[in-house]
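Here are some comments on the model you sent, set out point by point. They deal with the enclosed and open spaces in the protein and with the residues around them.

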Amino acid sequence: MKTIREIDLKDKTVLVRVDYNVPLEDGKITDDLRILASLPTLEFLREAGAKKIILISHLGRPEGAEPELSLKVVANRLNELVGKVSFVSAVSGAEVSEKVNELKDGEILLLENLRFYPGEEENSKDFIREIIESTSAEVFVQDGFAVAHRAHASTSAVAEFLPVFAGLLLEKEIIELSKVISEPEKPLLLIVGGSKVEDKAPLIEKFLGIADKIIVGGKIAADGYEAADSKIYVAEDFDTDAEGAKLDVGPVATAKIAEAIMDAKTIIWNGLLGKAEDPAYATASTIVAEMLGEKTGAETVICGGDTTGFVLNLMEEHPNLQYSLISTGGGAALEFLLGKELQGIKVIE
C-alpha cells in the first residue's frame, strides 16, 4: 500500500480525508480521539514540507446543511492542538479558493462538513472534482479509516483525479488489524459483546477458524446466544436489576473471562459486556478493560464505537492503561476483520 512516506511532499498542496466525526453534546466535543489520531499525519506533512494542507471530513448524518453539525467546532479544537488552522464554511467555490490562496506554508484549512452536500454520499465525480479544483490539490491522502468501507466521493471517486496515498493513521490501523488476522501470536482470544447478534455472528463465525477461544457476553449472551463450537464460551451468569433484566456479566463468567485473558497473547475486544453506561452494570467491562490495559507482552486490540469510548473514558481515570490499538473505525474495523474489501483502501492499492 502506498503511504505518504513514499512521496516527495515538498511544496505540494495536499488534500487529506480525515475522520472528524466526533461526538458532540451541547455544541461541545465530548471525545476527541479521532482528532488526536490524525495528528501524526498532519505533523508528518508539515515536516515533509507540504506547502498547504486542506482537510475534508464529515460530521454526523445531516440532512442538508445543519449548523449544529458544522465542523467549525472541530477546527477550533484542532487549532488548540497544532496551531495555524483555519476554517471555511464551504467545500468548493471562490470562497474556498480565496482561503487556500491565503494559506502560508504549513498552514491547515478545514473545509465544511462533506455530508452537507449530496454529492459526497452519491460518490459524485463532479462533487470531488469541484473540491480539487477549488483547492488546487496535487496529492490526496486517505487517513479516514472509519470511512474506508464507504464508496463515497472522498473515498472512491477522488482516485479518478489525484494520486492517493495512505496517511499514518490508516497505515497503523491496517497493520495492527492485519496482525490479528494473518499472523497472531497464539493463543488468540476474541471477546464479543454488545446487543445485536446479527452484527456479531459473522465475526464469531470468521474467528472460529482463527481464534483459540471466543467469549460471548453482553446482551447477546443474556438473550440466550447458543454456542456452535466448543471453543465458544457464553457467559453463564448475570447481574440483574429489580425486574430481573440481565444487565451485566456475573462473577462466575467474569472470572472465566479473566482467566482466558491471562492465558492469551493476542486479544480482540468488540462490544461491551453489560449496560456499561450505568456504573452499576459496568463491572465486567471495567475488569476486562483494566486487564487488557495492564497486560504486557500481548497484542491488545479494542474496536467498536461503544467499546472504544468506554476504554477512553477509563483511561482518563487510569492513564497508565495501554493498548496496541484503540481503533477509530467502527464498521470499517469490523468489515476489515471479516475480510471484506474496503473501497477507501482498494483505491490506494
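The points below take the cavity and then the two pockets in turn.

1. Please keep in mind throughout that this is a predicted model, and that the totals for linings use all residues.

2. With the cut-off set at 30 Å³ or more, the count comes to one cavity, and its volume is about 50 Å³. The residues that line this cavity are Val18, Asp19, Arg34, Ser38, Asp143, Gly144, Phe145, Ala146, Leu169 and Thr328, which divide by class into four nonpolar, three polar and three charged residues.

3. The largest pocket has a volume of about 990 Å³ and a lining of 35 residues, with Gly194, Ser195, Leu272, Asp306 and Thr307 lying nearest its centre. By class, this lining holds twelve nonpolar, 13 polar and ten charged residues.

4. Which helix supplies the largest share of the lining of the largest pocket? That share, eight residues, comes from H11, the helix that spans 305-317. At least two lining residues each also come from helix H7 (197-207), helix H8 (218-222), strand S13 (246-249) and helix H12 (331-337).

5. For the second largest pocket, the volume is about 510 Å³, and the lining consists of 20 residues, of which Leu33, Leu36, Ala37, Leu312 and Ile326 lie nearest the centre. Two or more residues of this lining are given by each of helix H1 (33-47), helix H6 (168-182), H11 and strand S16 (325-326). Sorted by class, the lining of the second largest pocket has eleven nonpolar, four polar and five charged residues.

Conventions:
Residues are numbered from 1 along each chain as its sequence is written. This is a predicted model: local features need pLDDT of at least 70, side-chain atom pairs count only at pLDDT 80 or more; totals for chains, interfaces and linings use all residues. Side-chain values use heavy atoms; hydrogens and water are left out. On a 1 Å grid over the protein atoms alone, a cavity is a set of points where a 1.4 Å probe fits but cannot get out, and a pocket is an open set with protein on both sides within 12 Å along at least five of seven lines; lining residues have an atom within 4 Å of a point. Grid points are joined across faces, edges and corners, and a volume is the space filled by probe spheres set on the points. Ala, Val, Leu, Ile, Met, Phe, Trp, Tyr, Cys and Pro count as nonpolar, Asp, Glu, Lys and Arg as charged, and the others, Gly among them, as polar. Helices (H or I, at least four residues) and strands (E, at least two) are DSSP runs, numbered from the N terminus.
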